[in-house]
Amino acid sequence: RNVIAHRSIAMIATAAGSVPWKLAERRARGASRILEQHPLLNLLNKPNPLQGGTELCEALYAHRLIAGNSYLHAIGPRDASPLELHVLRPDRVSIIPGQGGVPKAYRYSIDDRAMDIPVDAITGQSRILHLKTFHPLDDWYGLSPVEAAAYSIDQHNQCGAWNQALLQNGARPSGALMVKAGEGQPGTLTETQDWMKTNQE
């Protein structure tokens, strides 16, 4: 609901998603050669039937900026190169804790259905790539930058709501203190009225 936060996230995600991928083949003595054609490049350029590479990367970066976590799911035969890549919504993914700081599995839930994607307890490899920001109080999930800025965002939202209410009221304040002047005398408050005014403020 905050246009500044939304625009900031969109600009960062769009800029990061527009960076082109380059694939290099390592050779002897530290030399490398840039590859123009490779199945991995094809997968990154067209990761799934509904998204191009830029769209997928934008979603991946936006989820990380909003939630502090982003999840990339590789789909394909077991022990083979993935055929498709999909970004999973962070609010639908939960981590099943494992031993030694390695997740046991990632659980993806939609409505009443759930699917567990296992994690290798030794290598930590999985069909899920979990990208997260640093969180000082959580071992499994990242800290959302939006959560860290929530107080400032709430202040901005409340200021906007107050301005909107003022405009809807014809830019007139909700009340005014009127002091009736005496004949030939300027309007003044009595000591009791002045005390009441000060305490109300």
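1. Setting aside its neighbours within four places in sequence, Leu 41 is in contact with three residues: Leu 23, Leu 35 and Glu 36. Leu 41 belongs to helix H2, which covers residues 39-45. The structure under discussion is a predicted model.

2. Is Leu 41 buried or exposed? Leu 41 has a relative accessible area of 11%. Because buried means under 20% relative accessible area, Leu 41 counts as buried. Its C-alpha atom is 7.7 Å from that of Trp 21, although the two residues are 20 apart along the chain.

3. The protein chain as a whole contains six helices and eight strands. Along the sequence these elements follow the pattern α-β-β-α-α-β-β-β-β-β-β-α-α-α. The chain has 201 residues, of which 22% count as buried. Its accessible surface comes to about 15,400 Å², and 55% of this belongs to carbon and sulfur atoms.

4. Contacts between residues at least 6 apart in sequence deserve a separate remark. In the protein chain, 44% of them join residues at least 24 apart.

5. Which residues make up the largest nonpolar core? There are 10 of them: Tyr 71, Leu 88, Val 93, Ile 95, Tyr 106, Tyr 108, Ile 117, Val 119, Ile 128 and Trp 140. Two elements, strand S5 (93-96) and strand S6 (105-110), give two or more residues to this core. Apart from it lies another core, of eight residues, including Leu 56, Leu 60, Leu 72 and Leu 85.

6. Tyr 71, a member of the largest nonpolar core, may be examined in the same manner as Leu 41. With neighbours within four places in sequence left aside, the contacts of Tyr 71 include Leu 88, Val 93, Ile 95, Tyr 106 and Ile 128. Leu 60, His 86, Pro 90 and Tyr 141 are also among its contacts.

7. Strands of a sheet pair through backbone hydrogen bonds, in either a parallel or an antiparallel manner. In this model, three strands form an open sheet in the order S4-S3-S8, with antiparallel pairing. Strand S4 (84-88) and strand S8 (128-132) each have a single partner strand, so they stand at the edges and one side of each is left without a neighbour in the sheet. On average, neighbouring strands of this sheet are turned by 20 degrees against each other, direction ignored.

8. Strand S3, residues 69-75, pairs with S4 in the antiparallel sense over five bridges. Ile 75 has Glu 84 in S4 as its bridge partner. Helix H3 (residues 53-67) packs on the sheet and touches S3, S4 and S8. The direction of helix H3 makes about 145 degrees with that of S3.

Key
Residues are numbered from 1 along each chain as its sequence is written. This is a predicted model: local features need pLDDT of at least 70, side-chain atom pairs count only at pLDDT 80 or more; totals for chains, interfaces and linings use all residues. Side-chain values use heavy atoms; hydrogens and water are left out. Helices (H or I, at least four residues) and strands (E, at least two) are DSSP runs, numbered from the N terminus. Buried means under 20% relative accessible area, exposed over 50%, partly exposed in between (1.4 Å probe, protein chains only). Contact means heavy atoms within 4.5 Å. A nonpolar core is a set of buried Ala, Val, Leu, Ile, Met, Phe, Trp, Tyr and Cys residues joined through side-chain atoms within 4.5 Å. Two strands pair if DSSP finds at least two bridges between them. Axes are lines fitted to C-alpha atoms, for helices over the stretch in contact, and angles run from 0 to 180 degrees between N-to-C directions. Accessible areas come from the Shrake-Rupley method with a 1.4 Å probe; for residues, only the protein chains shown count as cover.
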